[in-house]
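Reader: I would like a close look at how the helices are packed in this model. Please take one part of the subject at a time and keep it plain.

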Amino acid sequence: MSEPSQPLDWARLQASLQQAGHRQLVVLEGNRVSSLAWLGRNLPALSWSTGVWSGPGEDRPQPSLIDMKPQNGRQWLGREIDLLVWDGWQGNPPDSLAAITGSLTAGGLWFWLMPPLTKWHRFDDPDYARTALTDAKTHAFARRMAGIITSDPDVIRVNTVTGQHSVRKPKETTCRRFQIAETPDQSRAIEQIVSCGQGRRRRPMVITADRGRGKSAALGIAAITLLNAGRQHIAVTAPSAEAVLTLFRHARQSAGPDQLVIDSDHEIRLAGGGSLRFYPVDELLRIQPPAELVLVDEAAAIPAPLLKNVLLGWPRVVFASTVHGYEGSGRGFTIRFRQVLDEQTPHWKSLRLEQPIRWAVDDPLERLVSRLYLLHAGRSEPDASNADCRIEPWNPVDGSEADLDAAFGLLVDAHYRTTPGDLRQWMDDPQARAWLARRGNQVVGVLWMTREGGFTKALAEQVMKGKRRVRGHLLPQSLANHSGFAAAASLSIGRIVRIAVSDHERRRGVGRQLVDRAHSHAKSVGLDAVGTSFGASPDLLAFWQQCGLSVMRLGLQREASSGEFAVQMLSGVSNAGIGLAGQIQARLGEHWQTLVPRVWRSLAPELLLELTARLPEPPPLTPEDIGELEGFTEGARGFELTLMPLQRLTRQTGAVAALRGRADALLWCRAVLQTWNWTELQAAGYSAGRREAEDRLRYLAADLLKTVMK
């Protein structure tokens with residue numbers, strides 16, 4: 001920093017930013033009191049229409065600023081602001097902060113109140129309290145950010161105690177003033193949305209873009225075009241009502257005031273009778289409005305199962321999603337949802353918007369935020385070499401920026417919900433350990449594990465009884481509380497938080513090698529077990545079982561983030577860990593058939609079969625069981641009276657393997673394990689009626705009985 005010859009002309013700076021289409025970060029370094037006083041003196045020189053303040057309302061430096069809690073930045077997705085005053089002394093949640101910076105338009109200023117950059121690595125950010133990172137002595141994530149900001153010549157740094165500020169690097173600007181205008185990308189998007197809305201059924205469209213590319217505007221403009229062309233009802237859904245404000249604003253502008261009969265933030269009706277209306281996704285699926293087209297904005301922030309229901313519920317659907325990780329990874333959304341699209345609607349189309357609209361191509365803030373939070377973490381290309389794959393320990397704190405970019409990029413692609421907050425957790429957790437898989441010089445796989453548990457016996461007992469909950473320690477606390485074994489919290493467990501392998505390296509054993517290395521490390525440092533928790537799916541269950549882990553628990557409710565049931569798996573390392581894993585799994589097997597019809601009636605039958613196959617084998621069928629089953633297969637005994645032995649039959653060795661691939665396996669799951677009644681089975685298309693379904697079950701039961709009795 002240097003002492004300026006005269007104070008900065010903030011109004012002139014703001015005008016020059018608007019002229020260039022740029023946005024600017026201003027770091028206010030010092031103590032909080034001096035920074036608030038500095039804002040009180042300088043903010044009146046600026047002009048803005050929508051400004052946001054993240055600190056306490058009583059400390060708001062200007063009365064026209066809108067109060068926002070630090071963790072609520074995502075609520076501004078799809079909205080626009082031109083001033084952001086962020087009180088870092090109240091907390092800096094990475095996901096929230098990264099999200100709201102994308103709402104700043106050209107000419108926007110971001111004032112960030114923080115300690116001096118040299119002290120960031122020891123700053124006790126209040127947001128750490130919710131992350132179990134309060135015990136960390138130093139914060140590598142903040143140190144990395146401070147280094148990036150220090151080296152960026154486009155960042156203005158102000159010492160609010162002394163009045164010193166950095167000299168902003170002068171930029172040459174063109175005489176032409178930046179204006180928000182339709183780009184060729186956006187024009188193409190509007191054209192293709194209209195084509196989808198007027199075209200053949202079952203040909204959905206997926207639009208992806210970074211922030212500020214005009215995808216929401218394109219949706220709004222295209223919707224009005226379609227209504228003017230004769231469509232009568234277009235539905236819009238998104239993670240929140242606020243997320244569609246930009247869409248509706250552009251729809252309103254496109255329609256013009258003379259056409260509007262109903263005009264609100266969430267519904268537009270034209271004089272010709274056509275309507276555009278927002279529905280929360282749960283309401284959309286519940287009431288099933290007769291829409292000719294459904295527009296889904298910020299799709300990556302909606303659980304995949306709900307997106308699938310939308311896809312199958314209407315003839316024409318357009319999904320739009322931001323690629324950045326703070327919405328729940330848009331890249332992960334594209335990769336994961338692609339499987340559903342390929343299976344259900346193989347003629348779907350995709351479009352990527354590249355050119356920004358809300359700011360210039362060379363906007364310095366977009367580049368800075370991307371670096372701070374690795375929003376464009378690298379995607380690797382196949383390595384042409386025949387080099388062996390090697391696994392090596394690695395620390396994201398000490399590793400190169402290139403390796404960090406590559407490793408985090410793999411996590412973003414592989415995991416639906418990888419966000420900037422995960423990057424902070426990874427870098428700042430003193431218990432974290434990581435390994436990279438390399439082929440040649442290329443990073444092709446990564447595994448991140450953290451140490452959990454190790455509670456005292458007294459604390460473990462309280463956790464097991466539900467009287468205490470310690471921040472973090474996801475796996476041992478969940479297993480102790482739900483399995484009823486306090487030892488799960490007192491033993492030390494290595495939880496594999498994330499694992500990712502590049503697409504071109506899958507099914508080559510790389511993931512298995514990474515897990516083997518983590519298991520060897522756990523043994524060498526005296527851990528009792530290695531485990532993981534993830535959204536249940538048949539392919540992931542198969543992978544983890546191949547790695548030696550067994551199912552310990554299935555969540556009682558679908559996860560809000562993924563829409564899936566979480567499954568927890570464990571592999572014992574020490575004798576105590578091996579014994580505990582056996583006890584927990586045996587207890588799960590005893591509870592299984594009681595819980596399935598009560599808690600997991602809606603679980604996909606294919607997944608239920610795979611989970612059932614991984615439970616410990618129950619006692620063999622008794623002579624009474626066999627007699628009742630034979631009576632059922634011969635038509636001498638009814639289904640309801642044979643339900644218990646049919647359920648026991650399913651658990652016998654070889655039964656699930658025999659069911660796999662059978663045409664009536666799904667009917668068996670729904671009727672026998674999940675106890676759907678005959679009306680439910682017929683309504684869902686599993687049978688034509690009771691007699692027909694019962695005959696099919698008798699035939700299948702006879703085959704299964706022969707299989708398990710061999």
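Author: What follows goes through a buried helix, two helix pairs, one residue at a helix end and the cysteines.

The model is predicted. Helix α2 covers residues 32-42, and its buried residues are R32, S34, S35, L36, W38, L39 and N42. In general, an α-helix has 3.6 residues a turn, so residues three or four places apart point the same way. The cover over the buried residues of α2 comes from several elements, among them the helix α1 (10-20). Strands also contribute to that cover, including β1 (24-29), β2 (51-53), β4 (81-87), β5 (104-114) and β6 (156-159). At the start of α2 there is a polar contact: a side-chain oxygen of N31 lies within 3.2 Å of the backbone nitrogen of V33.

Next come the helix pairs. Two packed helices are described by the angle between their axes and the distance between the axes. For α4 (residues 140-151) and α11 (residues 364-373), the axes come within 9 Å and cross at roughly 155°. Angles over 145 degrees count as roughly antiparallel, so α4 is roughly antiparallel to α11. Their crossing is right-handed. On the α4 side the contact involves F141, R144, M145, I148, I149 and S151, and these meet L368, R371, L372 and Y373 of α11.

The second pair is α5 (residues 184-198) with α6 (residues 215-228), packed at an angle of about 45° with the axes 9 Å apart. That angle makes α5 oblique to α6. The crossing of α5 and α6 is right-handed. From α5, the residues in contact are Q186, A189, I190, I193, V194, G197 and Q198. Their partners in α6 are A217, A218, L219, I221, A222, T225 and L226.

N228 also lies in helix α6. With a relative accessible area of 46%, N228 is partly exposed, because the partly exposed class runs between 20% and 50%. Leaving out residues up to four places away in sequence, N228 touches Q259 and L270. A45 is 183 residues from N228 along the chain, and the C-alpha atoms of the two are separated by 44 Å.

Last, the cysteines. C196 has a relative accessible area of 9% and is buried. C669 is buried too, with a relative accessible area of 0%. A disulfide requires a pair of cysteine sulfur atoms within 2.5 Å, and by this rule the count is 0 disulfides.

Conventions
Residues numbered from 1 in each chain as written. Predicted model: local features only at pLDDT ≥ 70, side-chain atom pairs only at ≥ 80, totals over all residues. Heavy atoms only, no water. Buried < 20%, exposed > 50% of the residue type's maximum accessible area, 1.4 Å probe, protein only. Helix = DSSP H or I, 4+ residues; strand = E, 2+ residues; numbered from the N terminus. Contact = heavy atoms within 4.5 Å. Polar contact = N/O pair within 3.5 Å; in protein donor to acceptor, adjacent residues only side chain to side chain. Axes fitted to C-alpha atoms, helices over the stretch in contact; angles between N-to-C directions. Parallel < 35°, antiparallel > 145°, perpendicular 65-115°, else oblique. Left-handed = near helix turned anticlockwise from the far one by under 90°.
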